[in-house]
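Please read the following briefing alongside the sequence and the coordinates. The points are grouped by topic, beginning with a single helix and moving outward to the domains and the contact between the chains.

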Amino acid sequence: MEAYIVAMLVFAGFYALMALGLNVIWGLAGMVNLGLVGFFAVGAYASALLTTKLLWPMPLGWAAGAAIAAVAGGIMALIVARLRGDYLAIVTLGFAEVIRLVASNEIWLTNGTDGISGIPGPWRGDVSPQQFNLIFLALVWCAVGIAFLLLSRASHSPFGRVLRAVREDEDVAAVAGKPVLWFKLRAFALGAAVVGFAGALYAHYNAYIAPDGFAPLLTIYIVLALTAGGVGAMRGAVVGALFVVLLLESTRFLAQEIPGVTPVQKAALRESIIALSLILLLRFRPQGLIPERTRTHSRPGATP
Amino acid sequence: MTAPLLEVRGLVRRFGGVVALDGLDLAVRRGTVTALIGPNGAGKSTAFQCISGVIRPDGGNVIFDGQDITGARPDRVTRAGLVRSFQIARGIPRLTVLENLLLYGQHQPGESLAVALLATQAMRRREEELRARAEAIAARLNLSRVLDNQAAALSGGQKKLLEIGRALMAEPKLLLLDEPVAGVNPTLAAEIARHIAHLREEGMTVLVVEHHMDFVASLCDPVIVMAEGKLLAQGSFESIANDARVQEAYMGRRVHA
């Protein structure tokens, strides 16, 4: 049971990192991105290949995963520069599928659907599996903490102010003297870097990655996490990720406790409980658990 | 005679088969509050959009302060010192009034990602300067009490004032105001006219599109009249009001003489 909880908290950390990344792209800059899992996969494959084939040290592999995902994000921002809303959603969703299909078919590089195994993990083999999980738990949540601090800072800086303006009205942001595309590109690259870093950590935690680990459902969970937590608020991204993992996992046990139903019905009930919880949350708290707040206030002396 | 601050030559813009601008020529002299008027559909708004870079013209030139800014992106036009307001007040609704003003501040190093992450001294110093400027502009436009309110919560008139305030934050040489008193009560319209007159006294140049003739008559000289995408007439308000071509453009031609 303890091992299970630790593993779930590690996964919650991955979710939190991804939700933080999405919050820059979608929450601040207002660009729908349903291709998250694509950037997650790019980070995972980059780090896995560099550390297993070229024997790079792990931290360098993680940094490379983030950097390559950032470049992919920047290119993505240029491709979708003129798209908004539904169209942006479709193109980004397509991007993630392209990445998954490339990983399945470019066997010379990615080993195809067999995946890559034997990805090193910090002190794996030197310590017990439980200790390894605890080390990784600390590692992932340190990464969440650092990403949270840096992104909060960016969010409440003049840079973040321009991103919010781009989100609400691009024409106004442009007339305010801001090069809109350059801001979108940097927001996309920054968010993708955080998601790519999460992917890299995931590869080294799991020791094995394969294309079917990067299905669109993961993107949907992250979008849910951010929506539940509060779009635009960095704290909301972390809280939302914890909330979604808690919801997904606790309903597993809750459904087991319902008497007089078959296992198939239990599985269906579990999904119903998840759906109902999210609907109720959005009905009664559409702004999310932690609504977006900006921090620029006038000085007390300035208002008569 | 010094060169005009803004000079538009032969500006053309088509939307499909509709010719919105059909070789528009106009000039705005320094230190004036110039009005751009004309009946609905004359192309005033399109002219504003093309001059401010929000849409690209199909032909012609826009020369601002000696620089050719034809077809330049709106952020470049603003940085050159030509700043426009929007007709339907488009405050960024979920930012506060103060943040809306700060958004229009120029030369903020904190708009670079690395600087934002490091929160450098230069960024904080510039933020303080912009904040002082924003508070001064808010005080001047009677917006001090609502600085911390979200722009979405402002009254219609306050949104109009915020439009002007934001444009002033960008330290313009030429202010383009798109219907600054449309839908505003007469008292506030007079107040806005006073604000614009004060700006002129301080040396600002303003180009206004407006339908309120009282406002134009009291404030603007010269007045430029557009019709069917072209310059029709220009001069003082009296000379324009007595111009038969202008009356015809607004009222239509008499069928029976």
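In this predicted model, the buried residues of helix H6 of chain B pack against two strands and three helices that are named in full below.

**Helix H6 of chain B and its surroundings**
- The packing partners of the buried residues of H6(B) are strand E6 (82-84), helix H3 (97-103), helix H5 (121-140), strand E7 (174-178) and H7, which belong to chain B as well.
- Because 12 of the 14 residues of H6(B) are buried, this helix is largely enclosed by the rest of the structure.
- The buried set includes charged side chains such as B:Lys159, B:Lys160, B:Glu163 and B:Arg166, and among its other members are B:Leu161, B:Leu162, B:Ile164 and B:Met169.
- H6(B) covers residues 156-169, and its span of 20 Å from first to last C-alpha is close to the 20 Å expected at 1.5 Å a residue.
- Just after H6(B), the backbone at B:Glu171 adopts a positive phi of about 50°.

**Domains of chain B**
- Chain B is assigned a domain 1 made of two segments, 1-81 and 176-256, together with a domain 2 that runs over 91-171.
- The C-alpha centres of domain 1 and domain 2 of chain B are 27 Å apart, and the contact between these domains involves 10 residues of domain 1 and seven residues of domain 2.
- On the domain 1 side of that contact, helix H2 (74-80) and helix H7 (186-201) of chain B each give at least two residues, and the largest share, three residues, comes from H7(B).
- By class, this domain 1 side has five nonpolar, four polar and one charged residues.

**Record annotation on chain B**
- An unreviewed UniProt entry lists residues 6-253 of chain B under "domain: ABC transporter".
- Over residues 6-253, chain B is 40% helix and 23% strand, with the end C-alpha atoms 33 Å apart.

**Contact between chain A and chain B**
- Across the contact between the chains, 29 residues of chain A meet 35 residues of chain B.
- The elements of chain A that supply two or more residues to this side are helix H6 (129-155), helix H7 (158-168), helix H8 (170-175) and helix H9 (180-206), and the largest share, seven residues, is that of H7(A).
- By class, the side of chain A that touches chain B has 14 nonpolar, seven polar and eight charged residues.

Notes
Residues numbered from 1 in each chain as written. Chains lettered and ligands numbered in written order. Predicted model: local features only at pLDDT ≥ 70, side-chain atom pairs only at ≥ 80, totals over all residues. Helix = DSSP H or I, 4+ residues; strand = E, 2+ residues; numbered from the N terminus. Domains from an automatic or database assignment. Expected span 1.5 Å × (residues − 1). Buried ≥ 20, exposed ≤ 12 C-beta atoms within 10 Å, placed from the backbone. UniProt positions renumbered as here; feature names shortened; annotations may be inferred.
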